[in-house]
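Work through the exercises below with the structure open. Each task is followed by a stepwise solution.

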Amino acid sequence: MNFCNYFFQNLRKDHMPLCDEVKSITSDSFPGSEVWTALQSLGEEHEALKKKYQEECEWLKNICQLECSERKRLYNEVIELKGNIRVFCRCRPLNHDEIAKRSTSFVEFDLAQESELKIIGSDSSKKQFKFDHIFRPEDNQDNQRIM
């Protein structure tokens with residue numbers, strides 16, 4: 001028992017200064033509050049930059065669409081002045097019989113190349129063709145009048 005009493009007395013001695021130290025700590029003296037404030041500030045700055053980035057991306061998309069429209073208009077004007085023949089391709093959607101037979105399309109479109117398509121042959125070979133414009137199966141008749 002002597003050892004236990006001695007041990008507890010030492011613990012009480014160590015405990016009292018620690019209690020006093022904890023009581024003296026305020027939220028301002030704790031270094032974590034500065035870190036927390038800095039993190040909040042960085043979070044707000046991150047959100048502001050993210051919003052600015054999204055706005056600039058939207059602005060660039062709009063400019064790109066306008067430039068593409070202008071490029072097409074100028075290209076059409078040049079072709080008209082040259083008197084060249086322009087070749088268009090209209091890919092039809094699968095009809096009811098083909099859908100019933102679970103047929104798949106034999107045409108592949110490359111999203112990056114709007115004027116190219118690949119035809120998949122019966123032997124799984126692929127042939128690539130280029131056109132002035134390709135109307136996809138999902139395009140309606142109104143889209144075809146723009147050219």
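**Exercise 1.** Decide whether Leu42 counts as buried or exposed.

*Solution.* Start with the model: it is predicted. Next, place the residue: Leu42 is found in helix α2, residues 31-82. Now take its relative accessibility, which is 53%. The cut-off for exposed is over 50%. Leu42 therefore counts as exposed.

**Exercise 2.** Find the residues that form a nonpolar surface patch with Leu42.

*Solution.* The partners are Val35, Trp36 and Leu39. Add up the patch with Leu42 included: the accessible area together is about 450 Å².

**Exercise 3.** Locate Gly121 and classify its accessibility.

*Solution.* First, the position. Gly121 lies in the loop between β3 (116-120) and β4 (126-130). Second, the value: relative accessibility is 28%. Buried needs under 20% and exposed needs over 50%. Gly121 falls in between, so Gly121 counts as partly exposed. Third, a distance. Val107 is 14 residues from Gly121 along the chain. Their C-alpha atoms are separated by 9.3 Å.

**Exercise 4.** Describe the chain as a whole: its elements, its burial and its surface.

*Solution.* Count the elements: four helices and five strands. Then read them along the sequence: α-α-β-α-β-β-β-β-α. Turn to burial. The chain has 147 residues, and 8% of these are buried. For the surface, the accessible area comes to about 13,300 Å². Carbon and sulfur atoms account for 57% of that area. Last, look at contacts between residues at least 6 apart in sequence. Of these, 41% join residues at least 24 apart.

How values were computed:
Residues are numbered from 1 along each chain as its sequence is written. This is a predicted model: local features need pLDDT of at least 70, side-chain atom pairs count only at pLDDT 80 or more; totals for chains, interfaces and linings use all residues. Side-chain values use heavy atoms; hydrogens and water are left out. Helices (H or I, at least four residues) and strands (E, at least two) are DSSP runs, numbered from the N terminus. Buried means under 20% relative accessible area, exposed over 50%, partly exposed in between (1.4 Å probe, protein chains only). Contact means heavy atoms within 4.5 Å. Accessible areas come from the Shrake-Rupley method with a 1.4 Å probe; for residues, only the protein chains shown count as cover. Patches are made of residues with over 30% relative accessible area and no salt bridge: like charges are joined within 9 Å, nonpolar side chains (Val, Leu, Ile, Met, Phe, Trp, Tyr) within 5 Å. A salt bridge is a side-chain nitrogen of Lys or Arg within 4 Å of a carboxyl oxygen of Asp or Glu.
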